[in-house]
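Here is a short report on a pocket, a helix pair and two loop residues. Please look over the model first.

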Amino acid sequence: MPDRKACLQTRCACQTGAAANQRRITMAKDIITASVDAVIIGAGMSGMYMTKRLTDMGLKIQGFEAGGDVGGTWYWNRYPGARVDLESFDYSFSFDNDLQQEWNWTERYAAQPEILSYLSHVADRYDLRPHFKFNTRVNSAKFDDATGRWTVTTEEGDTVDAQFLISAVGVLSKPKPPEIDGLEDFKGKWYHTGQWPHEPVDFTGLRVAQIGTGSSGIQVTPIVAQQASHLTVFQRTPVYCVPTDNYKLTEELLNEVKATYPERRAISRENRYGIPAEFPTTKAFEVSEEERRAKYESAWGEKGHLLAFRMTYADVLADEAANKTVADFLAEKIRSIVKDPEIAERLIPRTYPFGTKRPCLSIAFYEAFNRDNVSLVSLYETPIKRITEKGILLENGEEMEFDAMIFATGYDALTGAILKLNVEGRGGRKLTDKWKDGPQAYMGIATSEFPNLFMLTGPLSPGPLNNMAVSIEQHVEWVADCIQYMRDNDIAVIEAQPGPEREWFDHVQELVGNTLYLKANSWYLGANVPGKPRVFIPYLGGAGGYRAKLDEVSENDYRGFTKTPAKVDA
Ligand code: NA7
């Protein structure tokens, strides 16, 4: 068995100790000591595209990736039911028309294996893998004031010196342990959705506990329910789920999408959420109740998608009464699906406005509770005391026995993975110290005292509030242009200035103050991680609004950055 405590720290959950040792032996032959233009950390979508852009510009890159291959989120999240929650063709790269024309998505909402093979295809097509060292975790990055360069080291013993340090570690990539005492006593098997084994896990005939009902948990439930002899779902905060009308993509539909890619992409770049749709200008109470209802039915129905309810009326996330019309509609839908009225009431969110915690796209999550072999425990009513050898002991003294447990308990989102890199900037300044009260990042992409560090989809950028594919392409292209500008103008070091950085932070907080987002204990606010500072992290100005602001910075000679010229030889 793997070292369970270590797994949650090291992401090696699914590897046996022997395999991990073998890996180390293989790696030992292969230690890298090098000097390059840029170190890129992470081979998910952002790291892959960044590598392509910079190598196209002739830069020498060293990439490091903790996983065994490319894919990032889609490499790790192999849990049953894992699926994208935006339409596949919109959640894809747009930078190369040949790529988007040649790839044939098979489902409206692709499952994890299909997305991973798409990313593998991208890696092959642009020959990206040779730039990365896989199974290798970065454990420190230090900036040298004298040379203006970064030294990056890994757990494997590599040491690389680079002008640029680019974090492509993703926004939801540091799994959050369950924070329940006694896990080490449990004799059965347990899994975290964010570090699922590579080989399929069969729950047939087992008594399974599932803890957590966020986007991952609600995808797991209906699938595991079909295998387990009994599935008990432990729910802390109920979520709003919108049903998925998933279907196979016909050739005709695919051809239509391919023919309209230029328009779809152009609209997505300007849309608030990075998708090809128009954001409404009408407010909820500017129309009749009947009209509102018809709109909600259509958002729920076959054309519905994850963002549909957030885009029904302009004020859904800003006005409590408008928001309640959506919440009431969804509560009614839950009651109409779930046959047991007590279970239905437990599944209805009541403690936060709709949309202020990320709503989920589900295939038959609510329907699963109509099965005889699925039960729901509300942790509000019946908290867990601890995990035992046999299962879960509740505060009320009841001990429930299980053969396996699934933790769908989420992530130390948005900042967790970057902070884990042990980054030290000017004068040995630690990023963990600088951000102890919350992240500070100019435009959500750079941070003062940490020159030549770029954070792709970093904290205080729109990141996960948008279609991530759109956010990633925007950041990668901006960083590549910035590096080109530095080369063209003989600039060796670029660094965000503290004043503009503070103004950006204030602007991010000002925008959230005009919304209902602060009324939820969400991971957007760091509220899911005990002890994490409560600061709203994503930028709410929308994909288009953010793009305009970031472009303004580059169009004005990288306003808000200090630029240090390269030393001229005497
Ligand atoms: P989420 O959305 O953070 O969901 C985690 C779930 O686990 C959520 O229901 C949490 O309840 C619950 N949770 C977390 N810690 C505990 C403990 N200690 N005890 C009981 N329940 C707990 O993560 P996901 O992986 O589902 O989704 C992450 C994102 O990936 C998603 O938003 C998409 O962007 C893709 P809580 O709500 O905190 O009360």
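Helix H8 (251-259) and helix H10 (289-300) each give at least two residues to the lining of the second largest pocket. This is a predicted model, where local features need pLDDT of at least 70, side-chain atom pairs count only at pLDDT 80 or more, and totals for chains, interfaces and linings use all residues. Residues are numbered from 1 along each chain as its sequence is written, and side-chain values use heavy atoms, without hydrogens and water.

The second largest pocket holds about 640 Å³ of space. Its lining has 29 residues; closest to the centre are Glu87, Arg108, Lys303, Gly304 and His305. The lining splits into 13 nonpolar, 5 polar and 11 charged residues.

Now the helix pair. Helix H16 (residues 468-488) and helix H18 (residues 542-555) pack at about 5 degrees, with axes 11 Å apart. H16 and H18 are therefore roughly parallel (angles under 35 degrees). H16 makes the contact (heavy atoms within 4.5 Å) through Val470, Gln474, His475 and Trp478. From H18 come Tyr546, Arg547, Leu550, Asp551, Val553 and Ser554. These contact residues comprise 5 nonpolar, 3 polar and 2 charged.

Two loop residues have a positive phi without being glycine.

| Residue | Phi | Loop between |
|---|---|---|
| Asparagine 135 | about 55 degrees | strand E3 (132-133) and strand E4 (138-144) |
| Glutamate 449 | about 75 degrees | helix H15 (431-434) and strand E18 (453-455) |

Is glutamate 449 buried or exposed? Glutamate 449 is partly exposed, at 27% relative accessible area (buried is under 20%, exposed over 50%, partly exposed in between, with a 1.4 Å probe and protein chains only).

Key
On a 1 Å grid over the protein atoms alone, a cavity is a set of points where a 1.4 Å probe fits but cannot get out, and a pocket is an open set with protein on both sides within 12 Å along at least five of seven lines; lining residues have an atom within 4 Å of a point. Grid points are joined across faces, edges and corners, and a volume is the space filled by probe spheres set on the points. Helices (H or I, at least four residues) and strands (E, at least two) are DSSP runs, numbered from the N terminus. Ala, Val, Leu, Ile, Met, Phe, Trp, Tyr, Cys and Pro count as nonpolar, Asp, Glu, Lys and Arg as charged, and the others, Gly among them, as polar. Axes are lines fitted to C-alpha atoms, for helices over the stretch in contact, and angles run from 0 to 180 degrees between N-to-C directions. Angles under 35 degrees count as roughly parallel, over 145 as roughly antiparallel, 65 to 115 as roughly perpendicular and the rest as oblique.
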